[in-house]
Amino acid sequence: MTFVDEVKNAVTPRAALLVIGVLGLQLLFIASYVGALHKPKPTDVAFGVVAPRQMSQQLVDRLDELPGGPLDPRTVSSAAEAREQIMNRDIDGALIVSPEGRTDTLLVASGGGTVLSGALEKIIAQVEGSQQRAVRTVDVAPASADDFDGLSSFYLVVGWCVGGYLCASILAISAGTKPANRQRATIRTLVMALYAIAGGIGGSVIIGPILGALPGSFWGLAGLGALVVFSVGMITLALEALTGIVGIGLAVLLIVIAGNPSAGGAFPLPMLPDFWRTIGPALPPGAGTWVARSIAYFRGNAVTGPLLVLSAWAVVGTALTLLLSMRHRAADPADGAARSTSTAADGS
């Protein structure tokens with residue numbers, strides 16, 4: 001047997017295609033992460049301005065015309081309203097101009113990302129310095145001292161996502177990636193739900209009572225974790241039921257390659273390029289990270305939209321998994337034996 005024949009025997013066409021697919025995922029991984037994170041800069045950051053009426057619009061225009069468009073400024077009626085909008089996550093910061101002195105106040109929220117709050121401090125310090133004014137910074141939603149750079153919420157959600165698609169992959173591979181029947185698909189769905197509950201509670205225990213990395217509601221984070229794990233797990237099961245083992249790669253593409261760098265974890269959404277900023281909120285890692293930060297630092301505000309995103313992934317994944325199980329029916333061994341017996345009887 002020649003060497004070429006040995007290669008053909010060792011590497012089947014299917015295996016070769018899978019290896020090529022893995023290479024493609026590897027290159028996409030590099031392109032996505034480096035493309036999203038190699039050059040972060042603030043763009044169109046929602047920013048409030050509280051100033052006397054006669055200078056308010058002038059200041060808004062000046063901030064709006066900064067090179068590179070880092071801010072999306074808008075007037076806010078009062079300092080109290082600015083604080084409330086930050087806590088509601090409508091804006092990421094605000095400048096309160098003193099009508100009497102020459103020291104103004106910058107409001108930031110490092111709980112939403114310390115990199116972004118630091119960028120706002122630098123931008124406003126330059127603007128104020130050009131007008132011979134000073135600025136002091138007040139953090140209205142500070143990140144925990146044990147939450148370095150506000151990354152704990154992101155890593156928590158990444159862990160939940162990883163658990164979701166790994167569990168789904170194991171459930172599928174253990175008996176074939178296409179559910180044999182509706183009963184098996186139902187069992188996998190129930191197992192996925194139980195696993196999601198355990199994963200949500202476990203993650204909340206680790207991030208809160210054990211490590212003290214995130215403040216906020218223990219059960220709020222546990223419920224979020226269960227929803228994240230279940231949504232990722234069910235969409236993975238659906239992709240596997242639709243495409244077989246390729247579905248695992250599609251889940252990695254969706255969650256890891258597209259979802260993680262666009263989640264606003266390492267760098268908040270306003271610091272990401274347009275493409276990643278657009279897709280991030282629609283994917284489970286981005287929706288989950290936003291909700292985790294809201295629970296931890298923003299009194300649980302502004303979570304309806306992201307929770308609906310996660311729920312939609314869960315519902316679509318569950319529906320597809322159950323529907324596809326009725327299309328892809330593998331022959332049951334008992335049924336096959338019965339048919340063989342029947343055929344033998346007819347032949348005799």
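Me: What volume does the second largest pocket have?
Reply: About 240 Å³. Keep in mind that this is a predicted model.

Me: Which residues line the second largest pocket?
Reply: From the earlier part of the chain there are Leu-17, Leu-18, Gly-21, Val-22, Leu-25 and Leu-28, and from further along Ile-245, Val-246, Ile-248, Gly-249, Leu-250 and Leu-253.

Me: And which helix supplies the largest share of that lining?
Reply: H2, with six residues. Helix H2 spans 13–37, and both H2 and H9 supply at least two lining residues each.

Me: How many of the lining residues of that second largest pocket are charged?
Reply: None: the lining divides into ten nonpolar, two polar and no charged residues.

Me: OK, H9 came up there. At what angle does H9 pack with H8?
Reply: About 140°, with the axes 7 Å apart. H8 covers residues 218–243 and H9 covers residues 246–259.

Me: Why call H8 oblique to H9?
Reply: Because of that packing angle, H8 counts as oblique to H9; roughly antiparallel would need an angle over 145 degrees.

Me: Left-handed or right-handed crossing?
Reply: H8 passes H9 in a right-handed crossing.

Me: Which residues make the contact?
Reply: On the H8 side, Val-232, Ile-235, Thr-236, Leu-239, Glu-240 and Thr-243. H9 brings Val-246, Gly-247, Ile-248, Leu-250, Ala-251, Leu-254 and Ile-255. By class, the H8–H9 contact has nine nonpolar, three polar and one charged. Val-246, Ile-248 and Leu-250 of H9 are in this contact, and they also line the second largest pocket.

Me: Switching to the largest pocket: how much space lies in it?
Reply: About 420 Å³. Its lining has 25 residues, and the closest to the centre are Arg-89, Asp-92, Leu-269, Pro-270 and Trp-290.

Me: Which helix gives the most to that lining?
Reply: H11, with five residues. Helix H5 (114–130) and helix H11 (284–297) are the elements that give two or more.

Me: How do the lining residues of the largest pocket divide by class?
Reply: Into 14 nonpolar, six polar and five charged.

Me: How does H6 pack with H11?
Reply: H6 (residues 152–173) packs with H11 at about 135°, with their axes 9 Å apart. That angle makes H6 oblique to H11, and the crossing is right-handed.

Me: Which residues of H6 and H11 make that contact?
Reply: Ser-153, Phe-154, Val-157 and Cys-161 from H6, against Pro-284, Pro-285, Gly-288, Thr-289, Ala-292 and Arg-293 from H11. That contact of H6 with H11 has six nonpolar, three polar and one charged residues.

Conventions: Residues numbered from 1 in each chain as written. Predicted model: local features only at pLDDT ≥ 70, side-chain atom pairs only at ≥ 80, totals over all residues. Heavy atoms only, no water. Axes fitted to C-alpha atoms, helices over the stretch in contact; angles between N-to-C directions. Helix = DSSP H or I, 4+ residues; strand = E, 2+ residues; numbered from the N terminus. Parallel < 35°, antiparallel > 145°, perpendicular 65-115°, else oblique. Left-handed = near helix turned anticlockwise from the far one by under 90°. Contact = heavy atoms within 4.5 Å. Nonpolar A, V, L, I, M, F, W, Y, C, P; charged D, E, K, R; others polar. 1 Å grid on protein atoms, 1.4 Å probe; cavity = no way out; pocket = protein on both sides within 12 Å on 5 of 7 lines; lining within 4 Å. Points joined across faces, edges and corners; volume = space filled by probe spheres on them.
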